[in-house]
Amino acid sequence: MLERAITYSHTLLRQTVKTGDIVIDATVGKGNDTLFLASLVGQTGHIHGFDVQEEAIAITKEKCLQAGVLEQVSLHHIGHEQAHTFLEPDCELGAVIYNLGYLPGSDKRITTMRESTLTSIDTLLPRLRVGGLMLLVVYSGHMQGKDEKEGVLDYVMTLDQNAYSVLQYGFINQKNNPPFLLAIEKRKHVQTS
Ligand SMILES: C[S@@+](CC[C@H](N)C(=O)[O-])C[C@H]1O[C@@H](n2cnc3c(N)ncnc32)[C@H](O)[C@@H]1O
């Protein structure tokens, strides 16, 4: 059976993330990806999680505590456009995951936005290790979503194919803007100016 975009993002993470990796959950929400990443990086790895909603950080902190993984997780109540500033200069990331849009069951006006999402992608991509993955689950059905989707697609389509492989995965016969997945794999190191 074909996997949904969000399930496939976990399949790719499972294939890529290794014990001891440093990874980022760029949109923590209710912590589903944070907990999944914790199971992959193990006790020697680390997850940096980011969300602009205090409630999301609090819910996820409690879940990590209950699961016994809080020591492996740093939760930051700040936008993911600042994520790169929390990384040591020599830190290479195994993976970064975004679930774009708003948190279901929460304030729908608090949503990821084109400019901050693009800033975050642009500053974190160079921090991936070779073979590392950036995953974006894109929801475009809400008000800001179309603009964000177009911005992100424009950006990833222009990435140098020698440096990054970019995959788009989604169902093209479903109604009402189903989410799709963008997976960016780093193929080699790129010089940044
Ligand atoms: C679709 S939800 C994430 C769902 C989450 N992955 C989970 O497992 O529950 C999107 C989240 O992005 C957060 N968000 C919005 N703008 C953000 C930003 N600039 N930086 C980080 N998180 C942001 C929202 O507060 C919301 O919790």
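Here is a short chat between a student and a tutor about this predicted model.

Student: Before we start, what are the ground rules for the numbers?
Tutor: Residues count from 1 along each chain as its sequence is written, and side-chain values use heavy atoms, with hydrogens and water left out. As this is a predicted model, totals for chains, interfaces and linings use all residues, local features need pLDDT of at least 70, and side-chain atom pairs count only at pLDDT 80 or more.

Student: Which residue has a polar side-chain atom 2.9 Å from an oxygen atom of the ligand?
Tutor: There are 23 residues around the ligand (a heavy atom within 4 Å of it). Thr 27, Lys 30, Asp 51, Gln 53 and His 80 come nearest. A polar contact is a pair of N or O atoms within 3.5 Å. Lys 30 has a polar backbone atom 2.8 Å from a ligand oxygen, while the side-chain approach at 2.9 Å belongs to Gln 53.

Student: And how far is the backbone N or O atom of His 80 from a nitrogen atom of the ligand?
Tutor: His 80 is among the residues that come nearest to the ligand. From its backbone N or O atom to that ligand nitrogen, the distance is 2.8 Å.

Student: Is Asp 33 buried or exposed?
Tutor: Asp 33 sits in helix H2 (helices are DSSP runs of H or I, at least four residues, numbered from the N terminus). Buried means under 20% relative accessible area, exposed over 50% and partly exposed in between, using a 1.4 Å probe and protein chains only. Asp 33 has 5%, so the label is buried.

Student: Why is the pair of Tyr 169 and Phe 171 called edge-to-face?
Tutor: Rings of Phe, Tyr and Trp (its six-membered ring) pair if their centres lie within 6.5 Å; planes under 30 degrees apart are stacked, over 60 edge-to-face and the rest tilted. Here the centres are 6.3 Å apart and the planes meet at 70°, so the pair is edge-to-face.

Student: Which residues do ring pairs link into a cluster?
Tutor: The structure holds three aromatic pairs. Tyr 169 is buried at 19%, whereas Phe 171 is partly exposed at 26%. The cluster is Tyr 8, Tyr 169 and Phe 171.

Terms used. A polar contact is a pair of N or O atoms within 3.5 Å; within protein, one must be able to donate a hydrogen and the other to accept it, and residues adjacent in sequence count only if both atoms are side-chain atoms. Helices (H or I, at least four residues) and strands (E, at least two) are DSSP runs, numbered from the N terminus.
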